[in-house]
Amino acid sequence: DGTILRGDLYRPRARQAFPLLLAWGGYTKELQNTGLPLPINEVGQVGYLITRGYCHLTANARGTGKSQGKRLLPFHESEPKDVADVIEWAATQPWCDGNVGMIGMSYFAAIQYLAAAQKPPHLKAIFPYLGFTDLYRHFTFHGGAFHSGFFAPYYSFVGSTQHLSISPWLRHLLGYILGHPWIQRRITAFFFKNEEKMPKQMHPEGSWMRDFARLAFDLPYDTSYYREKSAWPVLDQIQIPVCLGTNWGNTGLHM
């Protein structure tokens, strides 16, 4: 529809075309590949993948990060169509050999099921790590209780950093410095030790605050709102290979 979506593209230092791995996010990409705020990388280990012959594209949904358009609710029904459009656009670029896969964890994982159900011709496989398929039971409400322990800091943080802009060279520098295992261990220890002392005052945008209030107070029951944004009703439409990944440490959020 003419809306411009933006992302970060990394490519091997070679002239031929390579397969592409797409990571699609519903919040700004500016902190990806930096090791902040925690030493995790939701879009995959980009440097490792590039050296093994893949292109990597981290794209932002409309209205998030630097992408144009009006921000929609997470996993809005039109979002998988945008992902499919980006897949088909990328597959025709000179740096892509026509083979596209998807990669990423959390939001970057859950959207993969919905995108694959769209059956874009050039999407060959997906790897959702720490994803979920039921927006109501796996994400928003657990055992009938609103998951406020996650959503309060989540909406505060992502809603406050949507227009954050970090220059590419600084992101690369941070990723290089903070990517060393011994630094990662110290950052992790610092965050867990000082979690209660960290500043809690953040200023999320109004739309993110409204989304939080709507989920917490207006949508307490499993209705069509959640079903239309969940992957479980369309899993049988996925006709490509799927590699699932999880661990024992995220059962409170990722199922």
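Lys29 and Asp8 meet in a salt bridge, with their closest N and O atoms 3.2 Å apart; the term stands for a side-chain nitrogen of Lys or Arg within 4 Å of a carboxyl oxygen of Asp or Glu. The two residues come from distant parts of the chain, 21 residues apart: Asp8 sits in strand 1 (residues 7-10), and Lys29 in the loop between strand 2 (18-25) and helix 1 (46-50). Helices (H or I, at least four residues) and strands (E, at least two) are DSSP runs, numbered from the N terminus. Both Lys29 and Asp8 are buried, where buried means under 20% relative accessible area, exposed over 50%, and partly exposed in between (1.4 Å probe, protein chains only).

A word on what you are looking at: this is a predicted model, in which local features need pLDDT of at least 70 and side-chain atom pairs count only at pLDDT 80 or more, while totals for chains, interfaces and linings use all residues. Residues are numbered from 1 along each chain as its sequence is written, and side-chain values use heavy atoms, with hydrogens and water left out.

Now back to the charged pairs. Lys66 forms a salt bridge with Glu30, and here the closest N and O atoms are 3.7 Å apart. Lys66 lies in the loop between strand 3 (55-60) and helix 2 (79-91), and Glu30 in the loop between strand 2 and helix 1, so this pair ties together parts that are 36 residues apart in sequence. Lys66 is partly exposed, with a relative accessible area of 37%, whereas Glu30 is buried at 0%. A further pair is Arg71 and Asp211, whose side chains meet at 2.4 Å, N to O. Arg71 belongs to the loop between strand 3 and helix 2, and Asp211 to helix 8 (residues 206-218), 140 residues apart. Both Arg71 and Asp211 are buried. Salt bridges that share partners also join Asp8, Lys29, Glu30, Lys66 and Arg171 into one network. The structure holds eleven salt bridges.

Strand 3 is a good place to go next. Six of its six residues are buried, so strand 3 is largely enclosed by the rest of the structure. Its two faces are both covered, with Cys55, Leu57 and Ala59 on one side and His56, Thr58 and Asn60 on the other. What are its neighbours? Strand 1 pairs with strand 3 in the antiparallel sense over four bridges, and strand 2 pairs with strand 3 in the parallel sense over six; two strands pair if DSSP finds at least two bridges between them. Thr58 is the bridge partner of Asp8 and also of Ala23.

Cys55 in this strand is buried, with a relative accessible area of 0%. Cys55 is in no disulfide, and the nearest cysteine sulfur, that of Cys96, is 6.6 Å away. The structure holds zero disulfides, a disulfide being a pair of cysteine sulfur atoms within 2.5 Å.

Elsewhere, strand 4 (residues 96-105) and strand 5 (residues 123-129) run parallel and are joined by six bridges. Met102 stands opposite Ile126 in strand 5. Between these strands the chain passes through helix 3 (residues 107-116), in a right-handed β-α-β crossover: with the strands pointing away from the viewer, the path from the first strand over the helix to the second runs clockwise.

Finally, look at the surface. Trp169, Leu170, Leu173, Tyr176 and Ile177 form a nonpolar patch there, with about 540 Å² of accessible area together. Tyr176 is in helix 6 (residues 168-178) and counts as exposed at 60% relative accessibility. Patches are made of residues with over 30% relative accessible area and no salt bridge, like charges being joined within 9 Å and nonpolar side chains (Val, Leu, Ile, Met, Phe, Trp, Tyr) within 5 Å. Accessible areas come from the Shrake-Rupley method with a 1.4 Å probe, and for residues only the protein chains shown count as cover.
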